Amino acid sequence: MPPSAHRPPAPPARVGASVEQVAAAASLFWVLSANPTFFRAALNGRLLAEPSTWAFAVGLALLLFGLHFLLLLVLANRWTVKPVVSLLLVAGAAGTWFTQAYGVFLDPTMLRNVLRTDPAEARELWSWALLAHLALYAGLPIALLWRLRIEHRPWGRAALRRGAALGLTLLLLLGLLLAMYQPLASLMRNHRELRYLVTPANLVWSTGAVLARDARGAARPRQPLGTDATLGPDAGTRPRVLVLVVGETARAANWGLSGYARQTTPGLAQREVLNFPHVTACGTNTETSLPCMFAPVGRRDYDEARIRGSESLLHLLSRAGVQVHWRDNQSGCKGVCDGLPQDTVAALNPPGLCDAGRCLDEGLLAGLDERLARVARQGGTHVWVLHMLGNHGPSYFRRYPPAFARYQPACRDDDLRRCSTEQIANAYDNALLYTDHVLASLLATLQAHAAQVDSSMLYVSDHGESLGEKGLFLHGVPYAIAPDEQTQVPMVMWWSAGWPARGALDTACLASRAAQPVTHDHLFHTVLGLLDVRTQVHEPAWDLTRGCRSDAAGAPGKAAS
Ligand SMILES: [Zn+2]
């Protein structure tokens with residue numbers, strides 16, 4: 001009897017694979033599983049019956065394969081291949097899910113949003129459907145991957161093999177680009193945004209772009225803005241407060257004051273407010289819009305690096321002697337209020353309004369009476385920014401207390417796909433009703449102190465939202481191709497009786513201006529106009545009060561009769 005017969009049975013040998021084989025398998029897996037939205041968009045308008053369509057589809061598939069294979073050949077070696085592929089499997093599966101569910105593009109601005117998502121936001125995006133998707137498209141392949149034994153080769157042979165694989169892949173990509181040049185070039189010229197659908201390469205690219213931009217930005221201090229800014233002569237006469245309310249995800253299409261079929265703004269409709277029905281946002285997400293709204297040049301000559309590298313309107317106001325304060329009920333001020341007085345509703349924790357770090361927007365008004373009474377005693381010019389949670393999706397139903405659940409049935413699921421578009425619109429409109437209530441309460445409080453403190457309010461949303469139109473949900477579609485639902489936003493102004501008197505503001509003149517198109521680009525210069533701040537960077541052409549003030553230095557004044 002051979003001696004081996006007495007040994008216990010050997011454990012089954014783990015299947016071995018080379019780094020290149022793992023990279024090829026992962027790349028193939030992503031081509032087949034992670035890119036349905038890319039293929040649908042790239043083949044849009046082509047006929048399935050045409051052989052050229054199939055040839056183009058195969059070419060695109062090979063291109064996607066080559067790209068991912070190349071990426072892994074660069075990033076992966078014997079020690080890193082499992083963690084790198086695992087990470088990309090999870091990120092890719094999550095990216096695919098959100099792209100398919102909501103039609104989002106994972107470009108650098110969207111990635112910046114994702115990377116700055118706070119735990120409360122992440123909790124709301126979570127769903128059982130997402131978990132199942134992750135288990136199938138990330139969990140399962142990761143389990144298989146970690147059972148593999150990565151083959152060890154002598155250094156020289158491994159390098160040779162890697163070099164050959166890299167060379168062949170580059171040749172394949174080059175050949176494909178040459179063969180497909182015509183249709184590919186026209187596709188990319190007309191739909192540049194398609195490259196942000198190539199999953200998971202889009203995540204690697206966008207993350208790299210964000211990190212590179214931040215590294216460049218962090219290396220130098222913010223450029224000073226309007227160092228010559230001073231307040232006009234009437235600043236010392238009576239105390240005054242301008243409240244800037246930055247709305248979230250409110251869209252013009254559902255704004256009662258702007259003609260929506262439902263009266264979603266009953267509180268504001270009862271007050272004498274000036275509504276601006278044609279306002280275009282600077283961006284389609286908070287990360288773009290917020291810094292842009294507080295910059296002197298926004299969308300008309302958009303330069304993200306310049307905006308992020310410069311001080312904001314609030315720094316300028318502070319230097320001119322305005323007492324600035326930012327109160328946040330969302331994801332922070334994105335650098336706009338760096339170094340300036342600020343607080344958060346979550347930290348204030350007003351009774352009955354917060355739950356697990358998320359607060360209803362009424363918390364923004366906490367202590368408002370006391371603050372106004374203090375201004376009445378101490379005087380001065382104040383600008384208070386209130387950053388709302390507003391209609392932050394997808395969980396619109398979490399944005400309002402039960403008293404505002406007027407439109408029914410309303411979607412009560414964090415996963416929008418489990419609701420009808422009617423239910424989604426109902427929840428969205430209920431959230432708008434609550435925003436209206438918060439704004440009307442704010443105006444009532446300002447009005448109550450109007451005898452002592454002149455006050456004005458300017459509300460404007462940061463961007464809009466898609467509620468299923470064209471198959472899109474949420475927001476963040478690249479600006480150049482964004483639908484009106486995402487770029488048209490509500491804007492409202494109000495002032496106490498003393499405000500126009502002191503600035504000789506002709507309110508009828510301003511009302512006629514409100515009917516014309518307005519953009520976020522107007523905000524910076526209009527705030528300077530409203531407060532009569534004098535500086536070289538004030539551009540009267542972008543000041544909505546231009547021609548409506550008789551005292552304005554630099555602005556061609558039309559006397560208020
Ligand atoms: Zn936003």
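Visitor: At what angle do helix H1 and helix H3 pack in this predicted model, and are they parallel, perpendicular, antiparallel or oblique to each other?
Guide: Helix H1, covering residues 19–33, packs with helix H3, covering residues 51–75, and their axes lie 8 Å apart. The angle of the pair is about 140°, and roughly antiparallel would need an angle over 145 degrees. With roughly perpendicular confined to 65 to 115 degrees, H1 and H3 are therefore oblique.

Visitor: How do the residues of the contact of H1 with H3 divide into nonpolar, polar and charged?
Guide: From H1 the contact draws on residues including Ala 23, Leu 28, Trp 30 and Val 31, while H3 offers, among them, Leu 64, Phe 65, Phe 69 and Leu 72. Glu 20 and Ser 27 of H1 and His 68 of H3 also take part. The division is 12 nonpolar, two polar and one charged.

Visitor: Where is Pro 409 found, the residue that follows Gln 408 across a cis peptide bond?
Guide: The bond from Gln 408 to Pro 409 is cis, with omega near -5°. Following the chain from residues 381–387 towards residues 421–448, one places Pro 409 in the loop between strand E10 and helix H17.

Visitor: Is Lys 334, with its positive phi, buried or exposed?
Guide: Lys 334 has a phi of about 55° although it is not a glycine, and its place is the loop between strands E6 and E7. Since buried means under 20% relative accessible area and Lys 334 has 12%, this residue counts as buried.

Methods. Residues numbered from 1 in each chain as written. Predicted model: local features only at pLDDT ≥ 70, side-chain atom pairs only at ≥ 80, totals over all residues. Heavy atoms only, no water. Axes fitted to C-alpha atoms, helices over the stretch in contact; angles between N-to-C directions. Helix = DSSP H or I, 4+ residues; strand = E, 2+ residues; numbered from the N terminus. Parallel < 35°, antiparallel > 145°, perpendicular 65-115°, else oblique. Contact = heavy atoms within 4.5 Å. Nonpolar A, V, L, I, M, F, W, Y, C, P; charged D, E, K, R; others polar. Buried < 20%, exposed > 50% of the residue type's maximum accessible area, 1.4 Å probe, protein only.
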